[in-house]
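I open this notebook page to record what I looked up in one structure. The entries follow the order in which I consulted it.

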Amino acid sequence: MSNETPGADEQFCSSCGSVIKKEAEICTECGVRQSTPSSGGSKDKTSAALLAIFLGWIGGHHFYLGNTTRGIIYLLFSWTAIPALLGIIEGIIYLTKSEDEFQRQYSN
């Protein structure tokens with residue numbers, strides 16, 4: 001691993017630790033493709049949980065997670081208490097999952 005400190009437009013390689021440009025897709029030292037949080041479609045579990053708890057009655061968390069069909073179903077039944085109850089339950093489930101498990105299940 002390199003002893004260098006990355007500059008403002010640099011980062012460490014996720015594999016070998018060499019300093020590379022932030023926009024680099026492949027490390028010039030080891031050749032490993034770099035992953036960025038936005039490129040994988042990762043979602044924030046805290047945001048999803050808060051949306052589920054506070055806007056679960058209209059399916060806000062499902063729209064955020066990319067499950068539009070389920071979000072529309074929640075929206076259609078928003079006049080009942082069922083989506084609100086399910087939203088609270090789903091919000092608690094999101095918060096109790098590990099970050100890796102959440103990303104595996106809900107990221108695109």
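**Entry 1: an aromatic pair of residues**

I began with two aromatic side chains and noted that Phe102 and Tyr106 are both buried. I then looked up the origin of this model and record that it is a predicted one.

I next asked how far apart along helix α5 Phe102 and Tyr106 lie. They are four residues apart in that helix, and therefore about one helical turn separates them.

**Entry 2: ring geometry**

For two aromatic rings I note the distance of the centres and the angle of the planes, since a pair is described by these. I looked up the number of aromatic pairs and found three in the structure. In one of them, Tyr94 and Phe102 meet edge-to-face, with 5.7 Å from centre to centre and 75° between the planes. I checked burial here as well: Tyr94 and Phe102 are both buried. For Phe102 and Tyr106, the ring centres are 4.9 Å apart and the planes stand at 40°, so I entered this pair as tilted. Tyr94, Phe102 and Tyr106 belong to one aromatic cluster.

**Entry 3: the nonpolar core**

Which residues make up the largest nonpolar core? I found seven: Ala48, Ala49, Ala52, Leu65, Tyr94, Phe102 and Tyr106. Two helices, α1 (45-55) and α5 (99-106), each supply at least two residues of this core. The largest share comes from α1, with three residues.

I then followed one core member, Ala48, to its contacts. Leaving aside residues up to four places away in sequence, Ala48 touches His61, Tyr64, Leu65, Tyr94 and Phe102.

**Entry 4: a charge over a ring**

Tyr64, listed among the contacts of Ala48, led me to a further side chain. The charged end of Lys43 sits over the ring of Tyr64, at 5.3 Å from the ring centre.

**Entry 5: the chain as a whole**

I closed with the overall values. How many helices and strands does the chain have? I recorded five helices and two strands, and along the sequence their pattern reads β-β-α-α-α-α-α. Of the 108 residues in the chain, 29% are buried. Among contacts with a separation of 6 or more, 34% join residues 24 or more positions apart. The accessible surface is about 7,100 Å², and carbon and sulfur atoms account for 60% of this surface.

How values were computed
Residues are numbered from 1 along each chain as its sequence is written. This is a predicted model: local features need pLDDT of at least 70, side-chain atom pairs count only at pLDDT 80 or more; totals for chains, interfaces and linings use all residues. Side-chain values use heavy atoms; hydrogens and water are left out. A nonpolar core is a set of buried Ala, Val, Leu, Ile, Met, Phe, Trp, Tyr and Cys residues joined through side-chain atoms within 4.5 Å. Buried means under 20% relative accessible area, exposed over 50%, partly exposed in between (1.4 Å probe, protein chains only). Contact means heavy atoms within 4.5 Å. Rings of Phe, Tyr and Trp (its six-membered ring) pair if their centres lie within 6.5 Å; planes under 30 degrees apart count as stacked, over 60 as edge-to-face and the rest as tilted. A charge sits over a ring if NZ of Lys or CZ of Arg is within 6 Å of the ring centre and within 35 degrees of the ring normal. Accessible areas come from the Shrake-Rupley method with a 1.4 Å probe; for residues, only the protein chains shown count as cover.
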